[in-house]
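Reader: I am new to this structure. Please take me closely through one part, the interface, and then the salt bridges.

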Amino acid sequence: MGEASAIALSGDAPDATRAERRPDTPAEAFRRTATLLSIWHVIGAAASVVGMLLASRGGDQELPWMPRYALQGFFVFAFAVNLAAAYGIRTTARWARPASLVVNYLLAVVAGSTTLHQFNAFRALGDLGEGLFKAFVPFLVICVGLIAVLVAGQLAADDPTAPVPRTLRRIGLGIAAVAGVWFVILADPTGMISSIGDTLTKPLAFGALAITIGAALACRAMWSRDAARHFGTTRATEDTLSGLAFLSPNLIGFLVFFAFPLLFSLWVSFFDWKTTNTGREFIGLDNYVRALSLDISGADAAGAGNEVLKPGYQVLMHMDWFGQNWVLGARDIEFWLSLRNIVVFLVLAVPLAVLPALGLSSILASKLPGMKVFRAIYFIPSVAGVIGVAIVWGQMFDATIGWINYLLDVVGVSEAGQGQAWLSERSTALLSMVIVFAWMNFGFNTVLYLAGHQGIPKELYEAAEIDGANTWQVFKRITVPQLRNTTFYVLVTTSILALQLFDIVWILSRPEPGGPNNATSTPVLTLYEEAFQNNSQGYASALAWILFLIIFGFTFFQFRQQRDESTSGGVS
Amino acid sequence: MSVKRKGPKATMVRVATYGVLVLVAIVVLFPFVVAVTTSLKDNNDIFSYPPSLVPEQASTVPAAQLGLDGDPLPTFTLPDRDGTFALVGRDVPIAEFRPLDDLERVIALDPAAGEKTGATIVIDGDEEDVFLIDVDGDTIEAYRSRLTSGGEFVNVDDPTDVAIGLVNLAVPAEEFGPRPANFTEVWTDKELGRSLSNTVLVTFAVVIGQLVTSILGGYAFARIDFKGRNGLFLMYLGSVMVPFVVLIIPLFQLMLQVGWLDNLAALIIPFIFTAYGTFLMRQFFVGIPKEIEEAALLDNASRSTILWKIMVPLARPAIATLATFGFLYAWNSFFWPLVIINSGNPEGRVLALTLSTLGGRSSTDINLVFAGAVIAMTPPILVFLFAQRYFVENSASSGLK
């Protein structure tokens with residue numbers, strides 16, 4: 001609508017047809033609307049005061065600080081902008097329209113969310129899940145019907161005159177409608193309706209609903225072309241309004257569920273912060289210091305323990321450098337153990353997930369028949385869902401009845417009944433997780449490599465063939481160097497994934513996550529335990545930021561490489 | 001490497017190539033085969049060694065077949081006897097004899113059977129009486145190694161053929177016996193079934209929400225020249241670099257304060273906004289020629305008309321891609337539900353979470369856990385197989401993980 005009205009503003013487009021149908025000229029008609037709008041803004045300012053009072057209530061009505069501060073801030077803003085907008089509309093100021101639109105839009109969003117909250121709409125989601133559980137079969141039938149409609153749409157797009165899609169569409173809709181009735185009967189929504197009915201007596205719910213409707217109507221009126229003409233909105237402003245309007249559902253979510261949490265996380269990391277509101281103390285960088293503190297000390301004997309370190313430090317590892325024994329200790333031994341584990345994991349798992357992908361992609365890139373089937377098969381583990389996969393692998397690794405030990409036994413590597421306790425022994429637990437990780441991810445990497453293969457000029461292979469190069473030479477001299485950028489990218493993305501290892505460990509290292517004896521603890525696991533079991537969310541946030549910085553190092557490295565490639569004209 | 005050669009060497013290379021591919025495919029698929037076969041097994045069968053891909057159950061015969069009343073009878077194979085025998089009695093007194101010419105062989109007889117010869121023999125330092133016993137019509141010398149109790153059996157094919165035997169009654173004969181009831185039990189199970197429906201609900205809501213917000217946002221970034229667009233777009237791009245771990249704690253705090261802990265809303269609302277999806281849609285919209293819209297603009301169509309009537313139908317491939325990614329993300333997500341649905345109340349759990357708790361809690365329902373795991377893995381695999389085209393192309397170009 002923005003560009004269209006901009007054309008109208010500049011007088012290029014004839015607007016006579018619309019004016020003829022109305023008794024008043026648009027300008028006169030809007031003057032009355034403008035009066036209503038300015039009255040509405042005074043009401044909005046009053047409502048903001050009421051909202052402010054409600055949001056600031058104390059006692060058992062007191063809101064938790066996050067929504068409280070957010071609402072208080074919003075209502076201060078809404079009060080000021082509402083008054084300004086009322087004044088601006090009276091004086092037909094150019095800025096009045098954007099101001100009115102912004103404040104009404106946000107008011108509609110806030111009041112709308114409040115309305116939903118008051119009517120228990122979010123809790124009703126649980127009832128919806130319950131209803132779906134009771135009526136799962138009709139739900140599946142509805143899905144079948146809707147899929148038929150989708151297929152019909154696709155067919156109709158291919159050939160609009162064919163009669164089959166129309167019939168299919170009708171059948172699909174019919175099935176969906178019948179199943180819909182069946183669904184409602186089985187799902188029994190009376191509970192949900194009654195829980196909404198309980199709130200009918202709440203005046204706040206209706207007040208919020210009224211504000212929502214009012215603000216939405218005001219937005220609509222202000223959005224019109226007549227309004228744009230009345231306030232002399234420029235094309236640039238019109239575009240900005242449209243852009244923000246289209247982006248807003250996304251942008252609000254981005255700000256509330258990404259930008260704010262990101263900053264808040266940094267903020268929390270400077271506090272000794274518990275989940276509960278009590279005991280929150282600013283401690284500056286102490287969380288970071290605690291997490292990163294290391295102490296190294298020379299020791300006479302190889303088996304020296306914590307006593308050679310500063311108090312509060314525990315032995316992380318022993319080293320033998322230049323004929324001298326050294327003891328490395330850390331204050332947060334668990335975090336450092338998990339860092340050590342993840343480094344070992346990275347060194348083992350990343351090559352195992354990347355090298356087979358490089359080799360297999362070279363085969364799959366050939367035009368032999370059946371390659372697409374293999375490509376699809378290799379990809380499956382990366383989409384199947386880590387929990388299901390980990391459960392199966394847990395069974396495979398079982399010490400007494402697992403397939404791995406059985407197969408090793410069959411080929412004669414181990415003796416029957418002498419199987420390796422893969423997951424409960426320190427030496428093999430992490431290795432088992434390396435195997436699962438590589439198994440899950442090599443197929444994805446293969447597909448990334450296949451994309452890289454498309455960028456290799458065919459002439460290179462033709463030239464190699466003329467020169468009589470064998471397959472290995474071609475692979476070594478052409479394929480691998482040409483795929484250098486892809487390899488870099490694949491290594492970085494796989495490493496970033498490996499650094500965040502959590503789910504596989506959570507399932508496979510039961511009953512003690514990270515066990516046996518911290519052999520498989522990972523930074524994310526340590527973070528989870530600190531935050532949600534030890535309840536120290538400030539410290540856990542600091543761990544999160546340390547991890548973020550490590551991951552960001554990889555990303556930055558990748559970004560630099562890509563930029564270098566593109567400035568030097570390479571293909572990335 | 002589309003180099004084509006001919007001759008026996010080329011054939012060998014080709015066979016070896018396919019050999020490698022098939023071998024890798026087996027390694028990839030084997031755990032899935034294990035999952036499916038295990039999900040069809042009886043609980044006892046899962047814990048038997050050696051592991052087997054064939055679901056087996058204790059074979060039984062109806063009691064009526066042997067002219068008896070009661071439950072179906074488990075069957076066994078007896079040493080030294082052909083045929084299948086049904087267990088009709090337990091704790092029957094049995095004498096265990098060992099022939100003197102083959103001390104490894106065990107013959108189970110009635111304690112009253114056998115006739116003392118009066119002679120004795122020293123076995124492992126103990127003096128034992130020598131008996132004459134009848135075995136299959138032959139009379140042989142044996143000593144009675146112990147008196148014990150065992151089972152009484154009837155030949156399944158010949159009810160008159162009664163035998164006593166010393167076999168491990170815990171290991172009955174087995175036959176092919178899949179147990180599809182595992183799946184129906186999961187379906188109706190209050191815990192697993194409910195979390196399955198929650199997963200479906202959450203996934204649908206997330207996918208639809210992501211599509212709507214991404215289409216709108218992507219269009220704004222692609223086609224509307226508004227103030228601050230480039231800055232915002234950079235922020236969106238940068239946000240893709242931030243790992244989710246950084247957001248977990250503050251998002252948890254936010255959900256706690258809004259009162260959405262243990263609520264499905266916490267699994268849906270924060271995830272219907274996706275920077276990646278917005279970016280994906282924006283890239284696609286940018287690629288659509290502007291001339292297509294210009295005609296509509298001349299007709300005074302509004303931007304939303306243009307978006308929904310012209311751009312969206314053109315953007316089907318991008319929408320399918322985004323829907324696929326959204327589906328996989330929402331269906332498979334585990335860490336966030338683990339954090340946010342943290343009470344004992346199973347009402348808000350999703351499938352991955354329930355599977356992880358059930359799998360860890362006990363092994364009594366392991367067959368149901370496996371059936372649940374198969375149910376959890378099937379939809380994403382199917383979606384991938386059907387939407388492969390979008391999927392493979394896009395993972396390759398964007399590298400989303």
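Author: What follows looks at the interface of chain A and chain B, and then at salt bridges.

This is a predicted model, where local features need pLDDT of at least 70, side-chain atom pairs count only at pLDDT 80 or more, and totals for chains, interfaces and linings use all residues. Residues are numbered from 1 along each chain as its sequence is written, chains are lettered from A and ligands numbered from 1 in the order in which they are written, and side-chain values use heavy atoms, with hydrogens and water left out.

Start with the contact. It takes 123 residues from chain A and 121 residues from chain B. Contact here means heavy atoms within 4.5 Å. The size of an interface is often given as the accessible area lost when the parts come together. Chain A and chain B bury about 10600 Å² between them. Carbon and sulfur atoms carry 74% of that area. Buried area is the accessible area (1.4 Å probe) that two parts lose on being put together, summed over both. In chain A, Phe133(A), Phe246(A) and Phe257(A) lose the most area to chain B. Together they make up 8% of what that side buries.

Now the polar side. The rule finds 16 residue pairs in polar contact across this interface, both residues at pLDDT 80 or more. A polar contact is a pair of N or O atoms within 3.5 Å; within protein, one must be able to donate a hydrogen and the other to accept it, and residues adjacent in sequence count only if both atoms are side-chain atoms. Helix α12 (residues 235–268) of chain A gives the most to the side of chain A that touches chain B, with 20 residues. Helices are DSSP runs (H or I, at least four residues), numbered from the N terminus.

The interface also holds 2 salt bridges. A salt bridge is a side-chain nitrogen of Lys or Arg within 4 Å of a carboxyl oxygen of Asp or Glu. One joins Asp239(A) to Arg303(B), with the closest N and O atoms 2.8 Å apart.

Over all chains, the search finds 8 salt bridges. Among them is Glu293(B) with Arg223(B), at 2.3 Å, N to O. Glu293(B) lies in helix α9 (residues 291–298) of chain B and Arg223(B) in helix α4 (residues 190–223) of chain B, so the pair ties together parts 70 residues apart in sequence. Glu293(B) is buried, at 6% relative accessible area. Buried means under 20% (1.4 Å probe, protein chains only), exposed over 50%, and partly exposed in between. Arg223(B) is buried too, at 9%. Asp225(B), which pairs with Arg229(B) at 4.0 Å, is exposed at 55%.

Terms used. Helices (H or I, at least four residues) and strands (E, at least two) are DSSP runs, numbered from the N terminus.
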